[in-house]
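Look over the sequence and the structure below before reading on. The paragraphs after them go from single residues to helix pairs, and then to the chain as a whole.

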Amino acid sequence: MKIAVAKGDGIGPEIMEAVLKIFEANKVPLEYEVVDMGKWVFDKGFSNGMTPEAQQTIESLGMLFKGPMETPKGKGVKSVNVTARKTWNTFANKRVFQTLHGVDTVFSKAGIPIDITVVRENIEDTYGGIEHMLTHDVALSRRFITRPGSMQVIRYAFEMAKQKKAKRISCGHKANIMKLTDGLFLDCFYEVAKEYPELKADDIIVDDLCMKLVTRPDTFDVVVLTNLQGDIVSDLCAGLVGGLGFAPSANVGDHISIFEAVHGTAPDIAGKNIANPTALLLSGISMLQHLGLTENAAIIENALLYTLESGVHTGDFGDKSKASVNTTEFANAIIGNFGKQPAHNPKPVFPNQPGTPTPFKLKENAMMESKEVGNENIVGVDMFIESNEQPLAIATKCQRHAGVKFKLVNISNRGTQVWPTGSVYTNLVNVYNVRFESLDGEPLNQQDILGLYVSLSGNFKIASSELLNMWGDKKAYSVAAGQ
Ligand code: NAD
């Protein structure tokens, strides 16, 4: 089997060299094709941080093992790490956090074992980076949560939990506030849960989840979350087991997967051969498991656990009274421990069963359609207008534009209703959401909305607008606080 390897920037080449040396010493049956990605590729003028040849190679091999990469500072340049994950639809980000003996934490010292797998949605949410300044004072970020995207990652999480023989799978969310976006994710979770009756499925509000993770981490098993919440929660979990130096990451897709460490390029220690390669090695072990190279994965993981238990450490962790080793010496120590069993959590060694690569040359982009909703009607529109006038003055002007088709229903500012009722203590910014609905309750069409748009634009700059849809008797939009 051949995989693509991108060494990365900063400490990337050093830790990648250490990991590939361990693979080679263990006779891992893989060939590597090194691809050009990272800061120097940006610097050469490739705006997405990879050469077209690199993209072609990764798309034809389906597997990328990558070191950390630097995102050049400045606007207009997107992170190559995020671009890679999104372009190739690696919809599930799996991060495994487990107690490593030899890596002291408050929990290991207290004898509280941790084995948590966080599955984070990897494409959607605010990570779409779809942002606009509506006025000089007001920035808007669009948060896309989709049903097909949520189903894809949640299905992966359940299947992985089943294979791992997990006892519990939890959905972290904020559906009490974001009823439509997080609510959709949560609905998908319970829909998929029905297919896995053997797993205990529950949900937990993300702030409560954070509190419980730091007080009772041993009660969690698999946790699945949307992108941003998953990003934060997984770094929190990294802290529970010793920090980012011990946090591996798998970005799994249907066709292409990317395995990498969670940490960055560590420019402060780059080029010194002192970086800790554990996170990248754990990512590599997870990649070997993914490829069916279970024997190599288990032997290397047992050697790593044995090495950590015996107190060998790089400068960033471990017993400070014992001298640290450098990156190369750390890799050599692991190689010297092949075949040894750690005292804690030894991994069972199963013979390799390499998966047969299936041809997956795609001819066109996959459209992930979900269930059709019948009886869909437009019943109104939210107009986001720029104004620094008082709510009553805006209402008076807007009512003039409502015409025979619309009625002005309410006005809100930053999601809080300020007209027809509200409080003078609500501070305002210069973008209002003016909600118009159908006057007689009859469905509207897009021409009606455009007519209102044109009329309203005589008085206001319209910064943005959203249709209000009804699906049967269900509102497909939120109401303002206080409405
Ligand atoms: P960082 O993770 O690179 O470093 C944070 C701290 O942790 C530093 O003190 C560093 O020395 C230490 N550290 C990190 N990895 C280590 C290791 N393996 N061994 C020992 N110490 C380690 O985070 P940062 O400084 O915020 O980011 C630096 C660059 O990395 C930025 O350009 C950022 O965009 C990029 N980055 C890339 C990825 C990725 O490729 N997936 C992830 C995060 C950050």
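**From one residue to the whole chain**

N302 has its place in helix α11. The model in view is a predicted one. Is N302 buried or exposed? Its relative accessibility is 2%, so N302 counts as buried, the cut-off for that class being under 20%. Setting aside residues up to four places away in sequence, N302 touches K340, Q341, P342, P346, K347 and V349.

Helix α11, the home of N302, covers residues 294-309 and packs with helix α10, which covers residues 278-290. Two packed helices are described by the angle between their axes and the distance between the axes. For α10 and α11 the angle is about 155° and the axes are 8 Å apart. Angles over 145 degrees count as roughly antiparallel, and α10 is therefore roughly antiparallel to α11. Their crossing is left-handed. On the α10 side, the contact is made by T278, L281, L282, I285, L288 and Q289. On the α11 side, T294, N296, A297, I300, E301 and L304 take part. Sorted by type, the residues of this contact are 7 nonpolar, 4 polar and 1 charged.

A second helix pair can be read in the manner used above. Helix α8 (residues 206-215) and helix α9 (residues 227-240) have their axes 10 Å apart and pack at an angle of about 5°. Are α8 and α9 roughly parallel or roughly antiparallel? With that angle, α8 is roughly parallel to α9, since angles under 35 degrees fall in that class. From α8, the residues V206, L209, C210, L213 and V214 meet Q229, V233, L236, C237 and L240 of α9. The residues of this contact divide into 9 nonpolar, 1 polar and no charged.

Next comes the nonpolar interior. How many residues does the largest nonpolar core have? The number is 68, and the residues with the most contacts inside this core are F23, F65, V119, I154, F158, L281 and M287. Helix α6 (residues 147-163) supplies the largest share of the core, 8 residues. L281 has already appeared, as part of the contact between α10 and α11. M287 can be followed further: apart from its neighbours within four places in sequence, M287 is in contact with I3, F23, L30, M63, F65 and F259. Besides this core there is a second, separate one of 22 residues, which includes V381, C398, W419 and L456.

F42 offers another single residue to inspect. F42 is found in helix α2, which spans residues 39-43. Its relative accessible area is 9%, so F42 is buried. Leaving out neighbours within four places in sequence, F42 is in contact with S47, N48, G49, E70, P72, V77, K78 and V80. One of these, E70, is 28 residues from F42 in sequence, with 9.6 Å between the two C-alpha atoms.

Finally, consider the chain as a whole. It has 14 helices and 18 strands. Its C-alpha atoms fill a box of roughly 80 × 50 × 45 Å, taken along the principal axes. Of the 483 residues in the chain, 47% are buried, N302 and F42 among them. Where contacts join residues at least 6 apart in sequence, 76% of them link residues at least 24 apart. The contact between F42 and E70 spans 28 residues in sequence.

Definitions and conventions. Residues are numbered from 1 along each chain as its sequence is written. This is a predicted model: local features need pLDDT of at least 70, side-chain atom pairs count only at pLDDT 80 or more; totals for chains, interfaces and linings use all residues. Side-chain values use heavy atoms; hydrogens and water are left out. Axes are lines fitted to C-alpha atoms, for helices over the stretch in contact, and angles run from 0 to 180 degrees between N-to-C directions. Helices (H or I, at least four residues) and strands (E, at least two) are DSSP runs, numbered from the N terminus. Angles under 35 degrees count as roughly parallel, over 145 as roughly antiparallel, 65 to 115 as roughly perpendicular and the rest as oblique. A crossing is left-handed if the near helix is turned anticlockwise from the far one by less than a right angle, and right-handed if clockwise. Contact means heavy atoms within 4.5 Å. Ala, Val, Leu, Ile, Met, Phe, Trp, Tyr, Cys and Pro count as nonpolar, Asp, Glu, Lys and Arg as charged, and the others, Gly among them, as polar. A nonpolar core is a set of buried Ala, Val, Leu, Ile, Met, Phe, Trp, Tyr and Cys residues joined through side-chain atoms within 4.5 Å. Buried means under 20% relative accessible area, exposed over 50%, partly exposed in between (1.4 Å probe, protein chains only).
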